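Dear colleague,

Please find below the structure I am handing over to you, together with its sequence. My notes on what was found in it follow directly after.

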Amino acid sequence: MSAVEARLAELGLMLPEVVPPLAAYQPAVQSGVYIYTAGQLPMVEGKLPVTGKVGAEVTPEEAKELARTCALNALAAVKSVAGDLDRIARVVKVVGFVASAPDFTGQPAVLNGASELLGEVLGDKGVHARSAVGVAVLPLDAPVEVEVQVELTEA
């Protein structure tokens, strides 16, 4: 077990299976020392636990937890390409999309769920730049979607 996966276990978390693509793309690709994930939905065992807009059908607190799930799914996608999460030198960038009710402006707080999970799991290597964007709708009516860019150590 890698140190990162041991840390996940300490937190009571388990790395899920990689979420299969919903269309014509790969869950993650590597270019040089970087891995870019596709947008990760908060899928749990192949299903969205909640659907709808944040600030309407979904509370900000629920959405923050869903963003954590997205980040966990992103780590699974990274591992599928890197082979070992201990190869992560640092998380470079996180981009998050929040399907938002028209008057909802708390996207950064929702995306803190993903950012905080990466920090809890990776420590200083999890500190990253981030964008939090409100959108009208996401695939499958998901409330949140997160993509991650990581830099790897040399193999």
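Leu22 lies in the loop that runs between helix 1 (3-10) and strand 1 (28-31). Please bear in mind throughout that this is a predicted model. Leu22 counts as partly exposed because its relative accessibility is 46%, a value that falls between the limits of 20% and 50%. Together with Tyr25 and Leu140, Leu22 makes up a nonpolar patch on the surface, and the accessible area of these three residues together is about 280 Å².

Leu140 deserves a further remark. This residue belongs to the loop between strand 4 and strand 5, and its phi is positive, at about 60°, although Leu140 is not a glycine. Ala136 is found in the loop between strand 4 (129-135) and strand 5 (144-152). With a relative accessibility of 61%, Ala136 counts as exposed. Ala136 and Ala101 are 35 residues apart in sequence, while their C-alpha atoms are 7.5 Å apart in space.

Two other backbone positions have a positive phi. For Glu45, which is not a glycine, the angle is near 55°. Glu45 is located in the loop between strand 2 and helix 2, and it is exposed, since its relative accessible area is 79%. Gly83, placed just after helix 2, has a positive phi of about 85°.

Helix 2 itself covers residues 60-82, which makes 23 residues. From its first C-alpha to its last, helix 2 reaches 32 Å, close to the 33 Å expected at 1.5 Å a residue.

I turn now to the interior. The largest nonpolar core consists of 38 residues, and Leu75, Val110, Leu122, Val144, Val146 and Val150 are those with the most contacts inside it. At least two residues of this core are supplied by each of helix 1, helix 2, strand 3 (88-99), helix 3 (107-122) and strand 5. Helix 2 provides the largest share of this core, namely twelve residues. A second core, separate from this one, has seven residues, including Val19, Leu41, Met43 and Ala99.

Two residues illustrate the contacts made across the chain. Setting aside residues up to four places away in sequence, Val110 touches Val54, Pro60, Ala63, Lys64, Ala67, Val98, Phe104 and Val144. Arg68 has its place in helix 2. Is Arg68 buried or exposed? Arg68 is buried, because its relative accessible area is 17%, and the limit for a buried residue is under 20%. Apart from neighbours within four places in sequence, Arg68 is in contact with Leu13, Gly113, Ala114, Glu116, Leu117 and Glu120.

Charged pairs form the last topic. Side chains of opposite charge can pair when their charged atoms come close. The count of salt bridges in this model comes to five, and three of the pairs are described here.

- Glu5 and Lys79 form a salt bridge in which the closest N and O atoms are 3.0 Å apart. This pair links distant parts of the chain, with Glu5 in helix 1 and Lys79 in helix 2, 74 residues apart. Lys79 is partly exposed, as its relative accessible area is 27%.

- Asp141 and Lys53 meet through their side chains in a salt bridge, at 3.0 Å from N to O. Asp141 is in the loop between strand 4 and strand 5, whereas Lys53 is in the loop between strand 2 (34-37) and helix 2; the pair thus links distant parts of the chain, 88 residues apart. Asp141 counts as partly exposed, at 30% relative accessibility, whereas Lys53, at 19%, counts as buried.

- Lys64 and Glu116 meet through their side chains in a salt bridge, at 3.2 Å from N to O. Because Lys64 lies in helix 2 and Glu116 in helix 3, the pair ties together parts that are 52 residues apart in sequence. Lys64 counts as partly exposed, at 28% relative accessibility. Glu116 is partly exposed as well, with a relative accessible area of 35%.

Both members of this last pair also appear in the contacts given above: Lys64 is touched by Val110, and Glu116 is in contact with Arg68.

With kind regards

Terms used: Residues numbered from 1 in each chain as written. Predicted model: local features only at pLDDT ≥ 70, side-chain atom pairs only at ≥ 80, totals over all residues. Heavy atoms only, no water. Helix = DSSP H or I, 4+ residues; strand = E, 2+ residues; numbered from the N terminus. Buried < 20%, exposed > 50% of the residue type's maximum accessible area, 1.4 Å probe, protein only. Expected span 1.5 Å × (residues − 1). Patch = residues over 30% accessible without salt bridge, like charges linked within 9 Å, V, L, I, M, F, W, Y side chains within 5 Å. Areas by Shrake-Rupley, 256 points an atom, 1.4 Å probe, with all protein chains shown as cover. Salt bridge = Lys/Arg side-chain N within 4 Å of Asp/Glu carboxyl O. Contact = heavy atoms within 4.5 Å. Core = buried A, V, L, I, M, F, W, Y, C linked by side-chain atoms within 4.5 Å.
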